[in-house]
Amino acid sequence: ANETKRMRRVLSQFRFVLTPSNRTATLSAASSAAASSAAASSAAASFRRTRPTVIAMSAASQSSQSSQSSSPPKKMSKEEIAKMDAEWKKKLSKEQYNVTRKAATERSFTGQYWDEKRKGEYKCVCCGAKLFDSATKFDSGTGWPSFYKASGSVGEKSDTKFFMKRTEVVCGVCDAHLGHVFDDGPKPTGLRYCINSASLTFDAKE
């Protein structure tokens, strides 16, 4: 008898669950839960799709900033160079101005750096652009600083003054006259950049 009563209680519980009204409530609750779960899954999927894009954009931005910071100095226009002339006259010594802005040549064995042996970088006396590295400097015996390779913003021009055809070397940023380049230098380039000390500044590494 006790077993029969227990079975009836169990069956009545099942009938309660399966009555139409409770079935509707149960299905409604299940539907709401499923909808909430689907919304959460959709949001998570959207985040997964968006996050790599945001990271990629951030990486691209950092790469762009790094590229900009490491890019070479921009070449000055003729107008900008003309505007700077008065300032260079004040900033530079008479010899420095005549060499860099008027293409004069200092006397050999008189310049500050012809016998410089320290490690460092040689920069333009006018604008500060890097030009040469001490690792490429050699003793040419000419009395002028000599390099077998340019290491920065260095440009070239054809020079036909004094009934000679030579290749003039200028600063690639401000067009300052530096000297000339010849093809009688040492290996590995075979070039000799013959440069006026008056056109240079030197940043020693030691």
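**Notebook: largest pocket and its surroundings**

I looked up the largest pocket first and found a volume of about 200 Å³. A pocket here is an open set of points on a 1 Å grid over the protein atoms alone, where a 1.4 Å probe fits, with protein on both sides within 12 Å along at least five of seven lines; lining residues have an atom within 4 Å of a point. Volume is the space filled by probe spheres set on the points, which are joined across faces, edges and corners.

The model is predicted: local features need pLDDT of at least 70, side-chain atom pairs count only at pLDDT 80 or more, and totals for chains, interfaces and linings use all residues. Residues are numbered from 1 along each chain as its sequence is written, and side-chain values use heavy atoms, without hydrogens and water.

I then went through the lining, which has 14 residues; Thr105, Arg166, His177, His180 and Asn196 lie nearest the pocket centre. By class I noted 6 nonpolar, 5 polar and 3 charged residues. Strand β7 (177-182) gives the most, with 4 residues, and β8 (192-195) supplies at least two. Strands are DSSP runs of E, at least two residues, and helices runs of H or I, at least four, numbered from the N terminus.

Next I checked Asn196, in the loop between β8 and β9 (200-204). Asn196 is buried (under 20% relative accessible area, 1.4 Å probe, protein chains only), at 3%. Its contacts (heavy atoms within 4.5 Å) include Val99, Thr105, Trp144 and His177.

Val99 led me to helix α4 (94-102), where Tyr97, Val99, Thr100 and Arg101 are buried. These residues pack against α3 (78-91) and β7.

Conventions:
Ala, Val, Leu, Ile, Met, Phe, Trp, Tyr, Cys and Pro count as nonpolar, Asp, Glu, Lys and Arg as charged, and the others, Gly among them, as polar. Buried means under 20% relative accessible area, exposed over 50%, partly exposed in between (1.4 Å probe, protein chains only). Lists of a residue's contacts leave out its neighbours within four places in sequence.
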